[in-house]
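Here's a quick tour of a single protein chain, starting with a few residues and ending with the whole fold. Have a look at the model first.

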Amino acid sequence: MKVINVGSLAILLGGAVLSSCSDNSRFPGFEQSESGLYYMITPGSEGGREVKLDDILTLEMSYGTDDTMLFSSSMMEFPTQLKVAEPAYGGDIMEGFTLMKEGDEAEFKTSADSFFLKIANMPQIPDFVDSASFLTFNVKLIKVQSLDELRAEKDAEAEVNRAMETELMANFLKENGIEVEPTPSGLYFIETAPGTGEPVERGSMVKVHYIGRLLTGEKFDASFDHSPPEPIEFALGTGQVIPGWDEGIGYMTVGSKAMMVIPSSLAYGDRPPPGGLIKAYSPLVFEVELLEAN
């Protein structure tokens with residue numbers, strides 16, 4: 001099967017009342033709602049929480065045509081989350097979520113034409129997809145939460161991370177034998193290989209290869225992982241990157257390599273990128289190489 005990642009599914013879905021039809025010769029084993037959604041649900045354990053309008057769902061999901069995978073949450077480094085809202089069209093797979101409970105698994109079939117034009121907001125469906133065909137969605141519903149519950153969970157997680165940040169950084173520095181003093185801002189800058197070029201200046205356009213990790217060593221991004229590998233390019237000292245980068249890259253010369261241990265106050269603070277590995281109040285570690293400065 002071909003695999004094509006068309007990006008994460010940002011869909012607002014809804015709570016329609018469904019009426020099923022068991023006589024379904026088009027997709028044997030599936031039931032069909034009055035709106036045209038085909039569905040097959042495998043119940044999880046008893047007592048699972050029911051899905052309601054405006055709930056936030058955490059789930060594992062993949063979808064595609066009969067021979068092409070278009071999206072799979074297994075290819076992502078963070079779980080897929082969707083908010084339950086009104087369906088965008090008759091037969092929208094998202095109305096099927098209102099039939100599910102926490103822990104259930106389901107398979108949905110929905111019109112490819114409607115999905116691409118009304119949900120993905122494409123001007124036309126992809127050339128490799130038949131407009132009369134159906135997309136198949138496979139879903140495992142991990143968690144059901146209200147928006148308030150999700151916010152409370154995030155706030156509690158952030159509070160734990162904030163309280164632990166100083167201790168975590170101290171342990172990391174000790175375990176890795178880092179004895180340099182922090183800069184006044186709290187940045188730890190460790191040159192690992194000297195360069196032969198000129199020092200960079202504020203406002204210079206720089207190109208940098210990098211690997212970004214959490215203090216646990218878990219990698220969340222790297223320029224080498226992009227296809228093709230591509231260094232990041234930005235104007236130094238102009239706020240285009242996190243403050244720790246603007247400061248740390250400024251200590252480098254062209255061709256040099258360094259490690260930067262960056263406290264959350266110089267990274268993302270309490271507003272990390274949504275859905276990723278970086279949590280609120282997470283210190284970050286970057287291995288960087290300054291390739292060019294103009």
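## Asp54, in a loop

Asp54 counts as partly exposed, with a relative accessibility of 41%; that label covers the range between under 20% for buried and over 50% for exposed. Keep in mind that this is a predicted model. To find Asp54, go to the loop that links strand S4 (38–42) with strand S5 (56–64).

The backbone is worth a glance here too. Most residues other than glycine have a negative phi. Asp54, though, has a positive phi, near 80°, and it isn't a glycine.

## Tyr281, another positive phi

Which other loop residue has a positive phi of about 60° although it is not a glycine? That's Tyr281, which sits in the loop between strand S14 (257–262) and strand S15 (284–293).

Is Tyr281 buried or exposed? Its relative accessible area is 16%, and because buried means under 20%, Tyr281 goes down as buried.

## Phe137, inside a strand

Phe137 belongs to strand S9, which covers residues 134–145. Its relative accessible area is 0%, so Phe137 is buried.

If you want a feel for distances, pair Phe137 with Glu289: they are 152 residues apart along the chain, and their C-alpha atoms are separated by 42 Å.

## The chain as a whole

Zooming out, the protein chain has 3 helices and 15 strands. Its radius of gyration is 24 Å, while the globule rule gives 19 Å for 294 residues; the value is well over that, so the chain is more spread out than a compact globule. Along its principal axes, the C-alpha trace spans about 75 × 45 × 30 Å.

How do the contacts in the chain split by sequence distance? Take those between residues at least 6 apart in sequence: 70% of them join residues at least 24 apart.

## Burial, surface and charge

Of the 294 residues in the protein chain, 43% count as buried. The accessible surface adds up to about 15700 Å², and carbon and sulfur atoms account for 49% of it.

As for charge, the tally is 21 positive and 46 negative side chains. The centres of these two sets lie 2 Å apart.

Conventions:
Residues numbered from 1 in each chain as written. Heavy atoms only, no water. Helix = DSSP H or I, 4+ residues; strand = E, 2+ residues; numbered from the N terminus. Rg over C-alpha atoms; globule rule 2.2 N^0.38 Å. Buried < 20%, exposed > 50% of the residue type's maximum accessible area, 1.4 Å probe, protein only. Contact = heavy atoms within 4.5 Å. Areas by Shrake-Rupley, 256 points an atom, 1.4 Å probe, with all protein chains shown as cover. Lys, Arg positive; Asp, Glu negative; His and termini not counted. Charge placed at Lys NZ, Arg CZ, Asp CG, Glu CD.
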